[in-house]
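Reader: I am new to this structure and would love a friendly tour. Could we take it one question at a time?

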Amino acid sequence: MSRFKWNRIALIVLVLAGVGLCVPAALAYGNPAAGSPVKIHVLAFDDTDAILVECDGRFGMVDSGEDSDSPTGDDARYPLRPGTTVGKGREREVVAYMESLGVNGENFDFYIGTHPHSDHIGSADDIVRIFRPQAIYLPYYEDDFITSSSRLWDNLFVYDNLVAAAEWARETYGARFVQFLDDADLSSAAESGVGEGASESWVQERTGASSFPLGNATIEILNGKNPLPGDRSFRVPDANFYSYGVKVTGANGRVAFLAGDINDYRLDWTVGGGDETRLVQSGDLSHVDMLKMGHHGINGSNTPAFLQAILGSAGSGSAPIAVQTGRFFAMPLETANTLERVGARHFCASYAAQRGKAALVVTLGDEAVTTNIDGDQLVVQTRKEAPWAFLYANGRRVSYPEGWKSIEGTMRYFERDGSLCMGWKSWKGQWYYCDWVDGSMETGWVEVSGKPYYFQANGAMLEGRGWQRVEGRWHFFDKGGNGDAKVGWLKDGESWYYLKPGTGAMATGWAQDGSTWYYLNGSGAMQTGWQRIGGSWYYLAGSGAMRTGWLKSGGAWYFLRDSGAMATGWAQDGSTWYYLNGSGAMQTGWQRIGGSWYYLAGSGA
């Protein structure tokens, strides 16, 4: 491990030790009685998994998320490959949350790394060295197992970091390091061509039970494929193809399944007949009360058949809960619809952060499965394609018959399929616009694709043509009836008008367009030539642009200050003085000024 990483871990420990002096672990966590229900703490991150399992004052961890470390390319073993995540570490937040719960070497029973991807085990070595779990589980890995070179990323880097920490834990405080589960075929080790130092005894030392207790709960590691060192027969396209899944069963029979990045792909990337199918067919998963969705909820995982099989038969008395450690828009529509059909409540883990929580905590209670963010708060979940959004409350989709519906004082339009309208909506011969963030009906001025539109109090677009007075200001609307108010310069009749950006309000008085100033009279018409404005004279070119500096007009020279106002009397331009009479005309020759004579050259100087 690098000196930098050791220093960073030391810093984290020191900081947390200081925090502990202010908030003792006993106060932060308490001392629950034996027999308490299982709690699953899913830290409130997107696109990275960090999960604590708690029961009877004991803790275990399943993945711990991204780390700030990444390959630099200096070590040939760890090239900096395209797609490697850099600079998105969450280890400080994970460590702080664990400390707030009072996790320590006395109550930290296990760490399970589901597979060697940085968004799952990047920070694992930090966690092991700081909190000292009694057992560490990690499937054996070699880059040669992966058939797609574009999917090697920093797999070996994060894997080797965790292995080094696990070996340190074995030597330092006697932790168990398990890489092969109890059904490993050790007799095949020699046949598979294991390398030096990977003898059958080496494998056996790192073999352990796939099922063990956590307080009164039972932990089972599923989908263990036990590839052996140098095994030339084990080849998969991606490390997700042998991700562990972790089943947690409470004493009350409630079950959580933490799916890692398990998917249902075959080796040729066709969906169906993969690990999800095998888990159901094996009988290892018959019902689940809480699912941490596989692979952050994206395509290829959480197939409808899998969800129907494990959530549709969930324990009675409470709706099952599905937690997604990714963004809603990344989840296929068929997945969201299946969760709705089976009656599951769906939460994105990061939604807890919006509620001021560091983690979304699911409690597998006797009477019900609950979360620490339960309530009727409305959440608009948006997508990248139609249907564009759905409204959720307490994890359940909110749906009404097609049409407008006022919810908590906000008007929204529900489509026939139950989704929210986003953007334009034609209804009963009029046009409306729904905000792309929360689906709310817009009123007042709204800019759409760079054009301003006005929506009346009832939400209907003002379909004005030509000049219309809106909220006390004049605007010019498209004469074709498209509803958009014009902005910028408009010629109407023989006059030019300037319509301000944003709302298209007609300008009067001084108006700036770019770096140029213009003057528009009370009716909005652009002025040209000499104009007396506010007691001063200004010259506006034929284009309407206000002139500054020297101007020759009608055979005489005039000096217009930086403000555009015509100068009279003495005026300095650079280091030279000039004199301009009461009409602003530059004077030359002998001039008697203020009782004294001055001679002004032909240039006026």
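Below, a reader asks about the model and an author answers.

Author: Welcome! This is a predicted model, in which local features need pLDDT of at least 70 and side-chain atom pairs count only at pLDDT 80 or more, while totals for chains, interfaces and linings use all residues. Residues are numbered from 1 along each chain as its sequence is written, and side-chain values use heavy atoms, with hydrogens and water left out.

Reader: How many helices and strands does the chain have?
Author: Helices (H or I, at least four residues) and strands (E, at least two) are DSSP runs, numbered from the N terminus. Counted that way, the chain has twelve helices and 40 strands.

Reader: What is the radius of gyration of the chain, set against that of a compact globule?
Author: The C-alpha trace spans about 115 × 60 × 50 Å along its principal axes. The radius of gyration is taken over C-alpha atoms, and the globule rule is 2.2 Å times the number of residues to the power 0.38. For 605 residues a compact globule would come out near 25 Å, but the chain has 36 Å.

Reader: What share of the residues counts as buried?
Author: Buried means under 20% relative accessible area, exposed over 50%, and partly exposed in between (1.4 Å probe, protein chains only). Among the 605 residues of the chain, the buried share is 53%.

Reader: Which strands are the edges of the sheet that holds β9 to β15?
Author: Two strands pair if DSSP finds at least two bridges between them. Seven strands form this open sheet, in the order β9-β10-β11-β12-β13-β14-β15, with mixed pairing. Two of them pair on one side only, and these edge strands are β9 (211-214) and β15 (345-348).

Reader: Which residue stands opposite V246?
Author: Strands of a sheet pair through backbone hydrogen bonds, either parallel or antiparallel. Strands β11 (residues 245-249) and β12 (residues 255-258) pair in the antiparallel sense, over four bridges. In β12, the residue opposite V246 is L258.

Reader: Is L228 buried or exposed?
Author: L228 lies in the loop between β10 (217-222) and β11. Its relative accessible area is 2%, so L228 is buried.

Reader: Why is helix α5 described as largely enclosed?
Author: Helix α5 covers residues 124-131. Its buried residues are A124, D125, D126, I127, V128, R129, I130 and F131. The helix is largely enclosed by the rest of the structure because the number of its residues that are buried is eight of the eight.

Reader: Which side chains of β18 point to the buried face?
Author: In a regular strand the side chains alternate between the two faces of the sheet. Strand β18 (residues 378-382) shows this alternation: L378, V380 and T382 point to one face and are not buried, while the other face has the buried V379 and Q381.

Reader: How many residues make the hairpin link from β18 to β19?
Author: Strand β19 (residues 389-393) runs antiparallel to β18, and five bridges join them. T382 stands opposite A389 in β19. The hairpin joins the two strands through six residues.

Reader: Is K479 buried or exposed?
Author: K479 sits in the loop between β28 (473-477) and β29 (488-492). Its relative accessibility is 55%, so K479 counts as exposed.

Reader: How far apart in space are K479 and M506?
Author: In sequence, K479 and M506 are 27 residues apart. In space, C-alpha to C-alpha, their separation is 16 Å.
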